[in-house]
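Please look over the sequence and the model below, and keep one question in mind while reading: where does the ligand sit, and what surrounds it?

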Amino acid sequence: MKLTIIGSGYVGLTTGACFAEVGHEVLCVDNNQQKIDRLLRGEIPIYEPGLDELVKRNTEAGRLRFTTSTAEGVDFGEVVFIAVPTPPQPDGSVDLRFIEKVAREIAQVVTSYKVIVDKSTVPVNTGEKVADTIRRYAPEVTFDVVSNPEFLREGCAVDDLMKPDRIVIGANSEKAIALMRGVYAPFDAPVLVTDINSAELIKHAANSFLALKISYINAVSQICEISGADVEMVAAGIGMDRRIGRNFLNAGIGYGGSCFPKDIAAFIAISEQLGVPFHLLKEVQAVNRQMLQRFLKHIRDALWVLEDKRIAVWGLAFKNNTDDIRSSVAIELVETLVKEGAHVTVYDPKAMENARHLEVAERLIFANSPLEAVDEAEAVVIATEWPEFAAVDFAAVKARMRSPLVFDGRNLLDPARMAELGFMYRGIGRGVS
Ligand code: UDX
């Protein structure tokens, strides 16, 4: 099929590349000339495992193309996906300006029947507004609006797209549903067809539930810490219940990233606008904020005064397998340590480049390896769940440090082994070893 993606950011580019990979002809549109120029030169603006090969292969095969022209895009695709940003506003509600603008732009150039698909994460009832807008500016054209939310995770986006748990198609017309089934026919995944409003809600409800799971185990971790239980054991025990499952029960210093914080705030704002405030989600946010504060308190308690202390921080990305530092708890942690006068040396396998652009960067030392980061350090702090941190030679770490203190904000290490090696080890929800 001929498919157009408007917005070539994280979701748009990865989705476009995967559609091309399964045999569709894809035209990706973006109004950022620089971004399109880079893509035309074969440069991928983000780090995402497997994406560069996918883009390269499909560009060379002629199935994946790029343009800055919305008119060309709308003319090309039978199905036109909107994948533009939906950033948060100061009150947590979603800024839909880009969606509205694209809807107008489509209306100005559309001449034949199209399926207009919203892939961006939007509040419930946005599809209706997109349809109203197009109808107002192009009253003579027939079209259908579909909601087709994206559930990809950064770091495994290609896999999530190629082997999705489910495809959600929110549509009110048989013709649009048939075309959307065609788009997803090459993928081996269950398809759930719903009305547009339900599809839009599924995305916010799914992300909020995942964040709820994280805050749930984090709240349990606080009880474990005080009572002498081990949250890892508790998570294993409750996760074995198939109704609960072990995924997303990893206690830590909290969730971050470009999705959860924004989507939970948006869902709260939506619920308030609709007159049914979702108080439970406010508690999810509150627990998430507490986690970093508690963790920092443990570091302060151990080091007494942070001023002039040398601290190594491993991890800057909001999670492993990505270079993304947007709303990263690791960054917040580093900023706080620096503010309190600590000398902070940082290392991250992928996110160092992005971190160099931050204001705090000039007060950081960037190390070339986890070992180099701990030189003369009085404490090492693990802030991102990169599995390679667990594989570091901790005997060598200890030899390089001034005092052997480890604060593991992602429970990556084995407390017993750390104690054996002579470290003072503190994880999340598992006491001190
Ligand atoms: C999330 C959703 O998983 C995805 O379906 C949606 O499309 C976009 O938002 P993403 O933001 O890429 O994806 O990351 P995810 O893997 O969900 O992790 C989010 C945050 O939660 C990270 O900061 C991670 O460290 C944290 N997390 C995750 C935990 O603290 N504990 C866990 O058990 C899982």
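The paragraphs that follow go from the location of the ligand to its surroundings and then to its individual polar contacts.

In this predicted model, the ligand occupies the largest pocket. Both domain 1 (2-194) and domain 2 (229-426) contribute residues to the shell around the ligand, and therefore the ligand lies between these two domains. The largest share of that shell, three residues, is nevertheless supplied by helix 9 (residues 196-227).

There are 19 residues around the ligand, and those that come nearest are Phe151, Leu152, Glu154, Phe318 and Glu385. Sorted by character, the shell consists of nine nonpolar, three polar and seven charged residues.

Turning to polar contacts, a polar backbone atom of Glu154 lies 2.6 Å from an oxygen atom of the ligand, whereas with Glu385 it is an N or O atom of the side chain that is found 2.6 Å from a ligand oxygen. The side chain of Lys319 also takes part, with an N or O atom placed 2.9 Å from an oxygen atom of the ligand. Taken alone, the ligand would expose 670 Å², and the protein buries 94% of that area.

Notes
Residues numbered from 1 in each chain as written. Predicted model: local features only at pLDDT ≥ 70, side-chain atom pairs only at ≥ 80, totals over all residues. Heavy atoms only, no water. Near = heavy atom within 4 Å. Polar contact = N/O pair within 3.5 Å; in protein donor to acceptor, adjacent residues only side chain to side chain. Areas by Shrake-Rupley, 256 points an atom, 1.4 Å probe, with all protein chains shown as cover. 1 Å grid on protein atoms, 1.4 Å probe; cavity = no way out; pocket = protein on both sides within 12 Å on 5 of 7 lines; lining within 4 Å. Sits in = over half its atoms within 2 Å of the grid points. Helix = DSSP H or I, 4+ residues; strand = E, 2+ residues; numbered from the N terminus. Nonpolar A, V, L, I, M, F, W, Y, C, P; charged D, E, K, R; others polar. Domains from an automatic or database assignment.
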